[in-house]
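Subject: A structure for you to look at

Hello! Here is the structure I promised to pass on to you. Please open it beside this email, and then read on for what I found in it.

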Amino acid sequence: IRDRYSAALAETIRGDRERLLKDCDWTQQPDIPEETRTKWQSYRQALRDLPTHENWPNLEESDWPTKPS
């Protein structure tokens, strides 16, 4: 049961992560200033790296990257 719970949780977290990535796709368009693209690239990479986080898939709020301002 624990493995099924972890697998279901991981799938849910991946969905959340994919939504966050999709929500900021606009930041990587060529007409966006380079400074803005660079800030968001770090955030997006941190989202993509979440599955390698030591707490995966039991992430705490503090484990998630912070959106650039």
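Pro57 sits in the segment after H2. The peptide bond that joins Trp56 to Pro57 is cis, with an omega of about -5°. That is worth a pause, because most peptide bonds are trans. Please keep in mind as you read that this is a predicted model.

Where is Trp64 placed? Trp64, too, belongs to the segment after H2. Leaving out residues up to four places away in sequence, Trp64 touches Ile13, Asp16, Arg17, Leu20, Leu47, Leu50 and Leu59. You can also compare Trp64 with Leu9: 55 residues separate them in sequence, and their C-alpha atoms are 15 Å apart in space.

Now let's step back to the whole chain. The protein has 2 helices and 0 strands. Helix H1 covers 2-23 and helix H2 covers 34-48, with a loop between them. Along its principal axes, the C-alpha trace spans about 50 × 20 × 15 Å. The radius of gyration is 14 Å, whereas a compact globule of 69 residues would have one near 11 Å. Of the 69 residues, 29% count as buried. The accessible surface comes to about 5200 Å², and carbon and sulfur atoms make up 47% of that.

Two other values describe the chain as a whole. Among contacts with a separation of 6 or more, 49% are between residues 24 or more positions apart. As for charge, the protein has 11 positive and 14 negative charges, and the mean positions of the two groups are 3 Å apart.

Next, the aromatic rings. How many aromatic pairs does the structure hold? There are 2. In one of them, Trp26 and Trp40 have ring centres 6.0 Å apart and planes at 55°, so this pair is tilted. Trp26 is in the loop between the helices and Trp40 is in helix H2, so the pair ties together parts that are 14 residues apart in sequence. Is Trp40 buried or exposed? Trp40 counts as buried because its relative accessibility is 10%, and buried means under 20%. Trp26, at 46%, is partly exposed.

Trp40 also forms an aromatic pair with Tyr43. Here the centres are 5.5 Å apart and the planes meet at 90°, an edge-to-face arrangement. Trp40 and Tyr43 are 3 residues apart in helix H2, so about one helical turn separates them. Tyr43 has a relative accessibility of 4%, so Tyr43 counts as buried. Put together, the ring pairs link Trp26, Trp40 and Tyr43 into a cluster.

Finally, have a look at Arg44, which is found in helix H2. Which term fits Arg44, buried or exposed? With a relative accessibility of 12%, Arg44 counts as buried. Setting aside neighbours within four places in sequence, Arg44 is in contact with Leu21, Cys24, Asp25, Thr27 and Gln28. Arg44 and Pro65 are 21 residues apart in sequence, with 8.6 Å between their C-alpha atoms.

If you would like a place to begin, try the cis bond between Trp56 and Pro57, then go on to the cluster of Trp26, Trp40 and Tyr43.

Best wishes, and enjoy exploring!

Methods. Residues are numbered from 1 along each chain as its sequence is written. This is a predicted model: local features need pLDDT of at least 70, side-chain atom pairs count only at pLDDT 80 or more; totals for chains, interfaces and linings use all residues. Side-chain values use heavy atoms; hydrogens and water are left out. Helices (H or I, at least four residues) and strands (E, at least two) are DSSP runs, numbered from the N terminus. The radius of gyration is taken over C-alpha atoms; the globule rule is 2.2 Å times the number of residues to the power 0.38. Buried means under 20% relative accessible area, exposed over 50%, partly exposed in between (1.4 Å probe, protein chains only). Contact means heavy atoms within 4.5 Å. Accessible areas come from the Shrake-Rupley method with a 1.4 Å probe; for residues, only the protein chains shown count as cover. Lys and Arg count as positive and Asp and Glu as negative; His and the chain ends are not counted. The place of a charge is taken as NZ of Lys, CZ of Arg, CG of Asp or CD of Glu. Rings of Phe, Tyr and Trp (its six-membered ring) pair if their centres lie within 6.5 Å; planes under 30 degrees apart count as stacked, over 60 as edge-to-face and the rest as tilted.
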